[in-house]
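Biologist: I am new to this structure and would love a close look at a single part of it. Please pick one spot, tell me how it sits among its surroundings, and then widen the view from there.

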Amino acid sequence: MPTESGSCSAARQAKQKRKSHSLSIRRTNSSEQERTGLPREMLEGQDSKLPSSVRTTLLELFGQIEREFENLYIENLELRREIDTLNERLAAEGQAIDGAELSKGQLKTKASHSTSQLSQKLKTTYKASTSKIVSSFKTTTSRAVCQLVKEYIGHRDGIWDVSVARTQPVVLGTASADHTALLWSIETGKCLVKYAGHVGSVNSIKFHPSEQLALTASGDQTAHIWRYVVQLPTPQPVADTSQQISGEDEIECSDKDEPDIDGDVSSDCPTIRVPLTSLKSHQGVVIAADWLVGGKQVVTASWDRTANLYDVETSELVHSLTGHDQELTHCCTHPTQRLVVTSSRDTTFRLWDFRDPSIHSVNVFQGHTDTVTSAVFTVGDNVVSGSDDRTVKVWDLKNMRSPIATIRTDSAINRINVCVGQKIIALPHDNRQVRLFDMSGVRLARLPRSSRQGHRRMVCCSAWSEDHPMCNLFTCGFDRQAIGWNINIPALLQEK
C-alpha cells in the first residue's frame, strides 16, 4: 500500500508539471498574439454596452499609452547603460587624478550624484511623454464667450508684436517684418501713423507709461524712441458681421486663406521716418525692448546674448546685462518695481533687480527644457514663462525653486500676455491657436478660428487692454493681420 500511494503521488506531480508546462506555453503564445495585435480584434468582437465610437477611441488611447511606455522603457534601458558607462568613467578618472583606486565610498558618492541627475532626466522625459495623453481626458471648467470685433489689415509681412497705448488717446500698435510699425484706431481699424525709421524687421513695440512715445526694437541692431501725435476718427456705425462663438468651438480652415490687401492702406496716414533717439550698442538683432517703471530708462534684448539698460534722456548705456549662453528672445519689466526679466534660447530666464541703484542682482531659473520664448510679470509677485517645450509655468518671486502651476499644451508657445485684473493668461501658439488659462492652470477658452475669422498662420503675440470698452484682447500673427477680441469671462470665474 505505501508503494502504491507513493507511485500515485509521483504520477499526480508529473501530471501537474505537464499541466503547468502547457499553461506556460499558452501564456507565451498569448503574449505573442498580443504583440501581433490579436487582442484588439478579440476586444472588438466581445459584447459591450459601450458605443463602438467610444470603444474605438479607448483602444486608440490605450494604443498610444502602450507606445509611449514602450518608448520610455527603451529610453530607460539607454539611460541605465549611460549610468554604467558613467560609473566606469568616474572610476577611471578617479584613478588618474588620485593615482590610486577610488575608495568604495567615494565612487558610490559620485555614482549616486550621476544617477540622481539621470533619474531627474528620466522623470522629465516621462512627464513630457505622458502629458499629451493625460491632456486628452481634461475638460474645460467654464465657457468663456469670445467674439471677434475688428481686424487690422495693412502690413505687407508678418506681424511680430502688438501693444496697446497706456495713455489717452488709446491706440493699437503693431510691429512687422515689413520694416514698419503702425498705429491704429481700435474702433475703426484705420491706420493713424506709420513709423518707417528702421531698415530691418521691427520686432517689438511698447508705449511709454505716461507720454505719447513709442519704443521699437529692430533687426537693424537698434532700438528707436519716437513721438507720435494722433487724431482719432469718429467711429461710424457698421453692421455687426462678427460671430459670437464659445471659446471651445473650432472650425478648421486652410493655411492658404489669408487676408486680401488690395493696396497699401498705410500710404494715406502720416509717416514718421526719424526717431527722437536711436540706441545702437548691440552687435546683433534687437528682438525686444521695454520701458522701466517711470519711463526714464529702457531695456533691450538682443541676439548678441546681452540685454542693455539705457538712459532715455541721454541715450547712454547704463548697464550691459551678460550671462545668457545663447540668443535672447524677450525682455519684460515689472509694472511697479525696477525689475527686469529676460528670456533666452539657452532654456533659462533671468530676473534682474535694479531696486538698489548701487548694485544689481540676478537670479537664473532653469524650469524649461527648450527655448524660453517669453517671461512676463503679473500683478503682485508672480512671473509667467512660456517655452518651445510646449509648457507655460507660473512662478512665485518669493520662492522660485519650482513653479506653482504648469500648463502643458500641444504646440510651441510664443509671446504670452497676462490680463492683470482678471489674472488670465493668453497663449499664442505656432499651430494658429490662442488659448486662455487662469493662473492655476485651468483652461478657460480657445479663440475661435474658421475660414471666416481668426488667424490663418502662426500667432506671434497677444496683448490685453482691460480698460477699452470694445476690445479687451488683441492678437497678431504671421498672416499679416492683427485682431481685436471681446472676451466675456463668466462672473463665477472672476469671483474664483
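**A glycine in a loop, and what lies around it**

Modeller: Let's begin with Gly 367, which counts as buried because its relative accessibility is 18%; buried means under 20% relative accessible area, exposed over 50% and partly exposed in between, with a 1.4 Å probe and protein chains only as cover. Before going on, please note that this is a predicted model, in which local features need pLDDT of at least 70, side-chain atom pairs count only at pLDDT 80 or more, and totals for chains, interfaces and linings use all residues. Residues are numbered from 1 along each chain as its sequence is written, and side-chain values use heavy atoms, with hydrogens and water left out.

Gly 367 sits in the loop between β19 (361–365) and β20; strands here are DSSP runs of E with at least two residues, helices are runs of H or I with at least four, and both are numbered from the N terminus. Setting aside neighbours within four places in sequence, Gly 367 is in contact with Lys 393 and Trp 395, where contact means heavy atoms within 4.5 Å. Thr 347 is 20 residues away along the chain, yet 7.8 Å separates its C-alpha atom from that of Gly 367.

The strand after this loop, β20, leads us to the largest nonpolar core. A nonpolar core is a set of buried Ala, Val, Leu, Ile, Met, Phe, Trp, Tyr and Cys residues joined through side-chain atoms within 4.5 Å. This one has 26 residues, and those touching the most other members are Phe 349, Phe 377, Val 383, Val 384, Leu 397, Ile 425 and Leu 427. Elements giving it two or more residues include β18 (349–353), β20 (372–377), β21 (382–387) and β22 (391–396). The largest share, 4 residues, comes from β20. Leu 397 shows how distant pieces meet: beyond its neighbours within four places, its contacts include Leu 339, Leu 351, Phe 377 and Val 383. A second, separate core has 18 residues, among them Ala 144, Leu 148, Val 459 and Leu 473. In soluble globular proteins, nonpolar side chains tend to be buried together.

Now compare our glycine with two other loop residues. Arg 305, in the loop between β13 (297–302) and β14 (307–311), has a positive phi of about 75 degrees although it is not a glycine. Arg 305 counts as partly exposed because its relative accessibility is 41%. Arg 480 lies in the loop between β29 (473–477) and β30 (481–488), and its phi is also positive, near 75 degrees. With a relative accessible area of 22%, Arg 480 is partly exposed too.

Stepping back, the protein has 5 helices and 30 strands, and 46% of its 496 residues are buried. The mean pLDDT is 79, with 72% of residues reaching 70 or more; pLDDT is the predictor's confidence in each residue, from 0 to 100. Over residues 17–38 the pLDDT is below 50, and that stretch has 3 contacts beyond near neighbours in sequence. Residues 95–115 are also below 50, with 17 such contacts in the model. Where pLDDT is low, the predicted coordinates should not be read in detail.
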